[in-house]
Amino acid sequence: MPTESGSCSTARQAKQKRKSHSLSIRRTNSSEQERTGLPREMLEGQDSKLPSSVRSTLLELFGQIEREFENLYIENLELRREIDTLNERLAGEGQAIDGAELSKGQLKTKASHSTSQLSQKLKTTYKASTSKIVSSFKTTTSRAICQLVKEYIGHRDGIWDVSVARTQPIVLGTASADHTALLWSIETGKCLVKYAGHVGSVNSIKFHPSEQLALTASGDQTAHIWRYVVQLPTPQPVADTSQQISGEDEIECSDKDEPDIDGDVSSDCPTVRVPLTSLKSHQGVVIAADWLVGGKQVVTASWDRTANLYDVETSELVHSLTGHDQELTHCCTHPTQRLVVTSSRDTTFRLWDFRDPSIHSVNVFQGHTDTVTSAVFTVGDNVVSGSDDRTVKVWDLKNMRSPIATIRTDSAINRINVCVGQKIIALPHDNRQVRLFDMSGVRLARLPRSSRQGHRRMVCCSAWSEDHPICNLFTCGFDRQAIGWNINIPALLQEK
């Protein structure tokens, strides 16, 4: 039929045109590379105040951006030619299809529909390509600001809590479901002390503000206070793991991918088996414990829906704090005042004021729709709360009616921690991510995670250490490891 032969001829011409244009593009690209090679070498040879490593990283990034947009440009041209070819074919088929005439309106509708489909494909391709560029740039920038320094591997089960000593020597403490708490050398990653006095999961660990004492809470319904003596080993050079991955390696990891443990690394370190003090007034799992300012009293939070205040010297129960309707999940004390905040599965957290010995006031904060996993104090009169409802809220203690800032995330939030000096919040998530926000709710960074580094299962807790020169943020998870990070805070805040 004449119509079909004309259509085939048109398609053949379009194919030849596309092939010749593709060859033209390749020749153009090669000539462009030849032209851009000289300026790049000249640019690399010019004097600059930037460090050579930063300059090379920038040049590599801009080269990646140029290649991505070049590919996008070629795809754009191909799609536009397909649109033109389709329009020509529809115009030819409009004369006779199955011996019937197509009205002008029908032809316009069909052409418009096909064109809109290709247009949508073009938009999708553009968005995907530009998103890849931006994601790659953000990933590289995030790795430059947030670098993994050391992994602490030795527990036989998930790690619930991580804490940093507040006095010299500065050590890292971890509390695990394997019934032990371990103290680590931050610099070398070597286990220094093992505490094996509990008969249940160790759910939290906190260090005394001025002495070498540790406070642990356990599923055996007790909290223990025990003394440790450590001798720090000689630090070894820290390997730079930040250059071992690329943006394309930021992939999801299997829950089964956990660190290999060759033997019990804690078997060689001294073991403490008997506590100085055992606090036994709870009737359920003790999920958390903390020291009050001065270190003469401690507070514990339990699944029996109560929090208890103890005297450290006598081990006596001073107050039993009741009022929560469901199990408690966390407790935290103010660094400079006699204030305690408790979190609960009843979607609330409560502020307990012990500043006046004769009056023990309590304030209830309602603002979450699911379990409040933790609430912590910051500098001044603020409290930050995290919840399974995937939100974090910043509160002013002088105004409990509504939060002053709300952070919405894509996953449940576990035990948060705030860098008091810089007011940066670290959010550990169920989905293995750790994100950093400021107090106004602006996202600052996400800790790198790939098949080679980062947590492979739920991240349970985070802890800042503003005094340590190498690692200033620690995280732990149910993949049985804790990780020490170096966060370049000045660069982080400058980028914001």
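# A walk through the strands and pockets

Start by selecting residues 391-396 and 405-408 in this predicted model: these are strands β21 and β22, an antiparallel pair held by four bridges. For a residue-level view of that pairing, pick lysine 393, whose bridge partner in β22 is threonine 406.

Stay on β22 and colour by burial. Which residues make up its covered face, and which the uncovered one? Ala405 and Ile407 are on the covered face, while Thr406 and Arg408 are on the uncovered face. Threonine 406, the partner of lysine 393, is therefore one to view from the uncovered side.

Now widen the selection to the sheet around this pair. Its four strands run in the order β19-β20-β21-β22, the sheet is open, and the pairing is antiparallel. β19 and β22 are the edges; each has a single partner strand, so one side of each has no neighbour in the sheet. From one strand to the next, the twist averages 15 degrees.

Step across the sheet one strand at a time. Select 382-387 for β20, which pairs with β21 in the antiparallel sense through five bridges. Asparagine 382 has aspartate 396 of β21 as its bridge partner. Before leaving these two strands, click on the loop between β20 and β21, where arginine 390 sits. Its phi is positive, about 70 degrees, although arginine 390 is not a glycine. That deserves a look because most residues other than glycine have a negative phi. Is arginine 390 buried, partly exposed or exposed? With a relative accessibility of 44%, arginine 390 counts as partly exposed.

Next comes β19, at residues 372-377. Five bridges tie β19 to β20, again antiparallel, and valine 372 has serine 387 in β20 as its bridge partner. Four residues lie between the strands of this hairpin, and there glycine 380 takes a positive phi near 85 degrees. Edge strand or not, β19 is mostly covered: six of its six residues are buried.

β19 also leads to the next stop, since β19 is one of the strands that supply at least two residues each to the lining of the second largest pocket. The others are β2 (159-164), β6 (202-207), β11 (286-291), β15 (328-333), β23 (417-419) and β27 (459-464). Show them together and look at the space they line. The pocket holds about 870 Å³. Which of its 35 lining residues are closest to the centre? Select Arg166, Asn417, Val418, Val420 and Trp464. By class, the lining has 20 nonpolar, eight polar and seven charged residues.

Follow β2 out of the pocket. Serine 163 is in this strand and is buried, at 7% relative accessible area. Add leucine 473 to the view: although 310 residues separate the two along the chain, their C-alpha atoms are 10.0 Å apart. Then move to the loop between β2 and β3 (172-176), where you'll find proline 169. The peptide bond from glutamine 168 to proline 169 is cis, with omega near -5 degrees.

β27 takes you to another sheet. This one is also open and antiparallel, with four strands in the order β1-β29-β28-β27. Its edge strands are β1 (146-153) and β27, each pairing on one side only. Ignoring direction, neighbouring strands here are turned by 20 degrees against each other on average. Zoom in on β1 and β29 (residues 481-487), which pair in the antiparallel sense over seven bridges. Cysteine 146 stands opposite isoleucine 487 in β29.

For an enclosed space, turn to the largest cavity, with a volume of about 40 Å³. Which residues line it? Select Arg432, Gln433, Val434, Leu447, Pro448, Arg449, Gly454, His455 and Trp485. That lining divides into four nonpolar, three polar and two charged residues.

Finish with the record. UniProt, in an unreviewed entry, places the feature "repeat: WD" at residues 152-194, 195-226, 279-320, 321-362 and 365-405. Select 195-226: the span is 53% strand and 0% helix, and its end C-alpha atoms lie 8 Å apart. Within it, go to the loop between β7 (213-218) and β8 (223-227) and click on glutamine 221. Glutamine 221 has a positive phi near 75 degrees, though not a glycine, and at 33% relative accessibility counts as partly exposed.

Terms used. Residues are numbered from 1 along each chain as its sequence is written. This is a predicted model: local features need pLDDT of at least 70, side-chain atom pairs count only at pLDDT 80 or more; totals for chains, interfaces and linings use all residues. Side-chain values use heavy atoms; hydrogens and water are left out. UniProt positions are given in the numbering used here, feature names are shortened, and annotations may be inferred rather than shown by experiment. On a 1 Å grid over the protein atoms alone, a cavity is a set of points where a 1.4 Å probe fits but cannot get out, and a pocket is an open set with protein on both sides within 12 Å along at least five of seven lines; lining residues have an atom within 4 Å of a point. Grid points are joined across faces, edges and corners, and a volume is the space filled by probe spheres set on the points. Ala, Val, Leu, Ile, Met, Phe, Trp, Tyr, Cys and Pro count as nonpolar, Asp, Glu, Lys and Arg as charged, and the others, Gly among them, as polar. Two strands pair if DSSP finds at least two bridges between them. Axes are lines fitted to C-alpha atoms, for helices over the stretch in contact, and angles run from 0 to 180 degrees between N-to-C directions. Buried means under 20% relative accessible area, exposed over 50%, partly exposed in between (1.4 Å probe, protein chains only).
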